Amino acid sequence: EIDKEDEVYDSSMIRLSLENGAGFHCPQYIEINLQKGFATVGRYDKNGQAQADFNFDASLSFVSRVHFRIEKIGEQWQIIDLNSPNGTFVNEEALIPNIAYPLRPNDRIMISAKNRLTYQVC
């Protein structure tokens, strides 16, 4: 018998799928745990120390150490750019730093206008 619980969508986890790796080695899929209500996305520092809840490789210097935050308010996901120098974009629209924007399935999150590292919300 198949465990039906495995098919239940886990709303405390947001999944992102790589759409454009910008020529860098990036994970194909990212799972971000929102059990505490929010999670930050950034990169490791030069010493390999984690700076965010999810960290890209330190070689992706265009990703800020703490670039953006995803949070869950009720059943709605939100994304907030944390004043990153290279910016965060949703569906090609630049986010104003420190302002929450709704995030929905199929939205595209792009890090850096120049490098265009893009993930799609699953």
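**An all-strand chain, residue by residue**

Let me begin with I96, which is partly exposed, with a relative accessible area of 48%, and which therefore falls short of the exposed class, since that class calls for over 50%. I should say at once that we are looking at a predicted model, and that everything I describe this morning was computed from it. I96 sits in the loop between β8 and β9, and its C-alpha atom is separated by 11 Å from that of F68, a residue 28 places away along the chain.

In the same loop, between β8 and β9, we also find N98, and strand β9 itself covers residues 100–103. Is N98 buried or exposed? It is exposed, because its relative accessible area is 54% and the cut-off for that class is over 50%. The backbone of N98 also deserves a look, since its phi is near 65°, a positive value in a residue other than glycine.

There is another residue with this backbone feature, namely A22, whose phi is near 55° and which is likewise not a glycine. A22 belongs to the loop between β1, residues 13–20, and β2. With a relative accessibility of 22%, A22 counts as partly exposed, because buried would require a value under 20%.

Let me now step back to the chain as a whole. How many helices and how many strands does the protein chain have? The answer is 0 helices and 11 strands, and from the N terminus on the elements are β-β-β-β-β-β-β-β-β-β-β. The radius of gyration is 14 Å, close to the 14 Å that the globule rule gives for 122 residues, so the chain is as compact as a globular protein of that length. Along its principal axes, the C-alpha trace spans about 45 × 30 × 25 Å.

As for the surface, 43% of the 122 residues count as buried, while the chain exposes about 7200 Å², of which carbon and sulfur atoms supply 47%. The chain carries 12 positive and 17 negative charges, and the mean positions of these two groups are 9 Å apart. Looking at contacts between residues at least 6 apart in sequence, 42% join residues that are at least 24 apart.

Next, the sheet, which is an open one of 6 strands in the order β2-β1-β11-β10-β7-β8, with antiparallel pairing. Its edge strands are β2, residues 29–33, and β8, residues 93–94, each of which pairs on one side only.

Starting from the β2 edge, β1 and β2 run antiparallel and are joined by 5 bridges, with M13 standing opposite N33 in β2. Which side chains of β2 point to the buried face? They are I30 and I32, whereas Y29, E31 and N33 point to the other face and are not buried.

Further along the sheet, β10, residues 108–111, and β11, residues 117–121, pair in the antiparallel sense over 4 bridges, and here I111 has L117 in β11 as its bridge partner.

I would now like to turn to β3 and its partners. Strand β3, residues 38–43, is mostly covered, with 5 of its 6 residues buried. With β4, residues 54–56, it pairs in the parallel sense over 3 bridges, and R43 stands opposite F56 in β4. With β5, by contrast, β3 runs antiparallel, and 5 bridges join the two; the bridge partner of A39 in β5 is I70.

That brings me to I70, which is found in strand β5, residues 66–73. I70 is buried, because its relative accessible area is 0% and the class takes in values under 20%. Which residues does I70 touch, leaving aside those up to four places away in sequence? They are I14, I32, L34, G37, F38, A39, Q78, I79 and L103. A39 in that list is the bridge partner already mentioned, and I32 is one of the buried residues of β2. I70 and I111, the residue we met in the pairing of β10 with β11, are 41 residues apart in sequence and 14 Å apart in space, C-alpha to C-alpha.

Note on methods. Residues numbered from 1 in each chain as written. Predicted model: local features only at pLDDT ≥ 70, side-chain atom pairs only at ≥ 80, totals over all residues. Heavy atoms only, no water. Rg over C-alpha atoms; globule rule 2.2 N^0.38 Å. Buried < 20%, exposed > 50% of the residue type's maximum accessible area, 1.4 Å probe, protein only. Contact = heavy atoms within 4.5 Å. Areas by Shrake-Rupley, 256 points an atom, 1.4 Å probe, with all protein chains shown as cover. Lys, Arg positive; Asp, Glu negative; His and termini not counted. Charge placed at Lys NZ, Arg CZ, Asp CG, Glu CD. Pairing = 2+ DSSP bridges.
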